[in-house]
Amino acid sequence: MDRIAFKDGKIYTLDMKGGSPVYGEEIIEIEGKKFREWIPWRSKLAALIRRMGGHLPQLKGPVLYLGAAQGTTVTHISDLLPDSVIYAVEFSPTAYRKLASIARERGNIVPILEDAFHPEKYLPMVGRVNTLYQDVSQKDQVGMFIKNADMMLAGDGIGYLMLKARSVDVTSDPGKIFEEAASILGKKGWSVMEVVELDPFQKDHACLIICR
Ligand SMILES: C[S@@+](CC[C@H](N)C(=O)[O-])C[C@H]1O[C@@H](n2cnc3c(N)ncnc32)[C@H](O)[C@@H]1O
């Protein structure tokens, strides 16, 4: 059975915990299995899937996830990749506490309390990954992505950079910021395959899908 389901315009993941909500999301049953609703207003990856017309982008473990917060999106990736490891980096101790507690219950999430601007600190633990996912609201989001990708993303791996235009520059047009980000990545040897704007689910955000 697929680990992702679409019903009445909503997205669901097959709950590896057998039907326990993590953040108040709806639980439904399909063919005797419990699925958790994946809300595009709460998760940029769910917004990406909605904006891509229900297409689930390639997600191959191990995954390095930067900006895990309390683990909302991480838990859905954990549902989709039960046999892979998701290294989840978060630098807020408050968010990390909830993330670490969720990780203990699931078994395929490794929480890391670190600043993602310093990937050398977790490189020895993480090694090579096939997917790099980043969702941090910082000015130099592109610089952070490049540092991590250069060290850990496999040659044929895929990166998902959830770019918040307003964190880069509140005054510039978001479209221009997305173009500039693609140009910086290009100069550092990374190709942007697609730029998917996440409005109306996530205002002034785009997902840049990146490969070598
Ligand atoms: C928009 S929230 C992430 C939401 C989460 N990705 C989700 O979908 O459930 C951004 C998170 O990035 C974290 N963050 C910001 N700067 C960071 C840094 N330098 N290193 C690690 N985490 C960072 C923040 O503490 C915050 O929890």
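Of the 19 residues around the ligand, which come nearest? In this predicted model, they are Tyr65, Thr73, Glu90, Asp115 and Asp135. Let's start at that site and then move on to the backbone.

**The ligand and its surroundings**

The ligand is found in the largest pocket. Three of its polar contacts are listed here, each with the protein partner and the distance.

| Ligand atom | Protein partner | Distance |
|---|---|---|
| oxygen | N or O atom in the side chain of threonine 73 | 2.5 Å |
| nitrogen | N or O atom in the side chain of glutamine 138 | 2.8 Å |
| nitrogen | polar backbone atom of phenylalanine 91 | 3.3 Å |

On its own, the ligand has 610 Å² of accessible area, and the protein covers 84% of that. Threonine 73 appears twice in this picture: it is among the residues that come nearest to the ligand, and its side chain supplies the partner for a ligand oxygen at 2.5 Å. For phenylalanine 91, by contrast, the partner is a polar backbone atom.

**Two cis peptide bonds**

If you plan to check the omega angles, here are two places to look. The bond from glycine 61 to proline 62 is cis, with omega near -5°. Proline 62 belongs to the loop that runs between helix 1 (44-51) and strand 5 (63-66). The bond from aspartate 199 to proline 200 is also cis, and its omega is near 0°. Proline 200 is in the loop joining strand 10 (191-197) to strand 11 (205-211).

**Two positive phi angles**

That loop between strand 10 and strand 11 also holds aspartate 204, which has a positive phi of about 55° although it is not a glycine. Another such residue is glutamate 31, with a positive phi of about 45°, in the loop between strand 3 (27-30) and strand 4 (33-38).

Is glutamate 31 buried or exposed? Its relative accessible area is 71%, so glutamate 31 is exposed, the cut-off for that being over 50%. Aspartate 204 has a relative accessible area of 12%, so it counts as buried, as the value is under 20%.

**Helix 5**

Does the length of helix 5 fit its residue count, and what span should it have? Helix 5 covers residues 141-152, which makes 12 residues, and at 1.5 Å a residue it should span 16 Å. Its end C-alpha atoms are 17 Å apart, so the two values agree. Along this helix, the buried residues are Gln141, Val142, Met144, Phe145, Ile146, Asn148, Ala149 and Met152.

Notes
Residues numbered from 1 in each chain as written. Predicted model: local features only at pLDDT ≥ 70, side-chain atom pairs only at ≥ 80, totals over all residues. Heavy atoms only, no water. Helix = DSSP H or I, 4+ residues; strand = E, 2+ residues; numbered from the N terminus. Expected span 1.5 Å × (residues − 1). Buried < 20%, exposed > 50% of the residue type's maximum accessible area, 1.4 Å probe, protein only. Near = heavy atom within 4 Å. Polar contact = N/O pair within 3.5 Å; in protein donor to acceptor, adjacent residues only side chain to side chain. Areas by Shrake-Rupley, 256 points an atom, 1.4 Å probe, with all protein chains shown as cover. 1 Å grid on protein atoms, 1.4 Å probe; cavity = no way out; pocket = protein on both sides within 12 Å on 5 of 7 lines; lining within 4 Å. Sits in = over half its atoms within 2 Å of the grid points.
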